[in-house]
Amino acid sequence: MLEQLKPDAVLFVGDLGEGDLKLIKDLKTISIPSAVILGNHDRGIDHTGERLRTSLSLLDDLHCGWDLKNWTSPNIAVVGARPCSAGGGFYLSSEVQAVYGSVSLTESANRIAVAAKKAPVNKPLIILAHSGPVGLGSEASSPCGRDWRLPAIDWGDKDLALAIDQIRKYRIPDLVVFGHMHHQLKRGGGNRRTFVKDKWGTLYLNAACVPRRVKDNLGNMLSHLSWVEILDNQINHISHRWFRSDTSVAYQETLFIRDEHIQ
Ligand SMILES: [Fe+2]
């Protein structure tokens with residue numbers, strides 16, 4: 001479907017499939033500019049870190065953990081946050097430690113901020129993370145709110161929030177896009193809020209629609225993508241879109257239109 005839709009770029013927010021190497025190899029065949037941040041479900045069940053190491057090796061420069069993709073077409077800079085995050089503040093799994101060593105919270109934040117510092121200030125800066133940052137709310141329905149256990153708390157990442165604070169000293173990140181926290185809430189809690197704009201103007205998009213493919217009332221398969229449009233180097237439009245197999249849009253939830261306020 002991506003090859004038919006032909007977006008200018010595609011960002012993968014992780015949890016691709018428990019270390020499924022075939023899926024990772026498939027990503028390498030996409031001809032569209034792409035960036036991937038691996039999620040906590042991409043470590044594989046392998047505490048030695050070998051499966052994660054293999055996945056990273058296969059992804060090669062597609063993976064942008066703690067790194068910058070400075071693209072010219074499209075004209076955006078994408079900075080990856082900490083790989084394989086499970087949210088909840090800051091925690092390094094044994095797999096991540098095996099591959100990357102024992103990285104502290106401040107070191108992780110510094111790595112994200114240093115990568116962002118290399119991005120030209122005149123092009124949109126997008127941060128790609130598996131888990132969003134702390135600070136987006138502590139309700140179960142908040143973009144990173146814990147919904148599977150009481151009490152509901154802010155389950156975002158502290159290192160990412162610290163990095164954004166550091167970046168904000170010289171520029172405002174345009175967009176932070178992440179996954180991990182499923183849109184549909186546990187315990188019959190309805191749906192999560194998936195979009196926030198902070199007081200500095202940074203946009204936060206939770207793209208974790210699970211399952212990403214569903215059938216409509218007529219039995220037609222629909223595929224979800226979070227959709228971002230950029231115009232004149234500014235984020236112009238953000239929505240969740242469900243596409244039919246012929247790539248027509250069956251349903252759209254508009255989250256943001258520049259200069260318009262959407263409830
Ligand atoms: Fe996850």
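The following paragraphs lead through the structure from its overall dimensions to its core, its sheet and several individual residues.

The model is a predicted one. Its protein chain contains six helices and twelve strands. The radius of gyration is 18 Å, close to the 18 Å that the globule rule gives for 263 residues, so the chain is as compact as a globular protein of that length. Taken along the principal axes, the C-alpha atoms fill a box of roughly 50 × 45 × 40 Å. Of the 263 residues, 43% count as buried. Among the contacts with a sequence separation of 6 or more, 66% are between residues 24 or more positions apart.

The interior can be taken up next. In soluble globular proteins, nonpolar side chains tend to be buried together. In this model the largest nonpolar core has 63 residues, and the members that touch the most others are V13, V78, V79, I112, I126, L128 and V177. Helix α6 gives the most to this core, with six residues. One of the highly connected members, V79, shows how such contacts are distributed along the sequence. Leaving aside neighbours within four places in sequence, V79 is in contact with L68, I112, A115, A116, A119, L125, I127 and L128.

Helix α6 itself spans residues 158-167 and is mostly covered, with seven of its ten residues buried. The buried positions are D159, L160, A161, L162, A163, I164 and I167. Part of the cover over these residues comes from α5, which runs over residues 105-117.

From the helices the description passes to a sheet. Four strands form an open sheet in the order β9-β10-β11-β12, with antiparallel pairing. The edge strands are β9 (213-215) and β12 (249-257), each of which pairs on one side only. From one strand to the next, the twist averages 30 degrees.

Within this sheet, β10 (residues 221-231) and β11 (residues 234-243) run antiparallel and are joined by nine bridges. Two positions make the register explicit: L225 stands opposite R241 in β11, and the bridge partner of H224 in β11 is W242. In a regular strand the side chains alternate between the two faces of the sheet. The hairpin of β10 and β11 has two residues between the strands, and D232 there takes a positive phi near 50 degrees.

The pairing continues on the other side of β11. Seven bridges link β11 and β12, again in the antiparallel sense. Here R241 stands opposite Q252 in β12, while R241 also faces L225 across the pairing with β10. The hairpin of β11 and β12 has five residues between the strands, and T247 in the turn has a positive phi of about 75 degrees.

Positive phi values also occur in loops elsewhere in the chain. D15, a residue other than glycine, has phi near 55 degrees and is found in the loop between β1 (10-12) and α2 (21-27). D15 counts as partly exposed because it has 19 C-beta neighbours inside 10 Å, and a residue is buried only if that count is 20 or more. C84 likewise is not a glycine and has a positive phi of about 60 degrees; C84 lies in the loop between β4 (77-80) and α4 (94-100). With 25 other C-beta atoms within 10 Å, C84 is therefore buried.

Two cis peptide bonds also deserve inspection in the backbone. The bond from L150 to P151 is cis, with omega near -5 degrees, and P151 is placed in the loop between β5 and α6. A cis peptide bond also joins V210 and P211, with omega about -5 degrees. P211 belongs to the loop between β8 (203-206) and β9, and β9 is an edge strand of the open sheet.

The last residue to consider is K123, in the loop between α5 and β5 (125-128). K123 is partly exposed because 17 other C-beta atoms lie within 10 Å. Although K123 and I76 are 47 residues apart in sequence, their C-alpha atoms are 5.5 Å apart in space. Not counting residues up to four places away in sequence, K123 touches N75, I76, A77 and N233.

Terms used
Residues are numbered from 1 along each chain as its sequence is written. This is a predicted model: local features need pLDDT of at least 70, side-chain atom pairs count only at pLDDT 80 or more; totals for chains, interfaces and linings use all residues. A residue is buried if 20 or more other C-beta atoms lie within 10 Å of its own, exposed if 12 or fewer, and partly exposed in between; C-beta atoms are placed from the backbone. Two residues are in contact if their C-beta atoms, placed from the backbone, lie within 7 Å. Two strands pair if DSSP finds at least two bridges between them. Axes are lines fitted to C-alpha atoms, for helices over the stretch in contact, and angles run from 0 to 180 degrees between N-to-C directions. The radius of gyration is taken over C-alpha atoms; the globule rule is 2.2 Å times the number of residues to the power 0.38. A nonpolar core is a set of buried Ala, Val, Leu, Ile, Met, Phe, Trp, Tyr and Cys residues joined through C-beta atoms within 7 Å.
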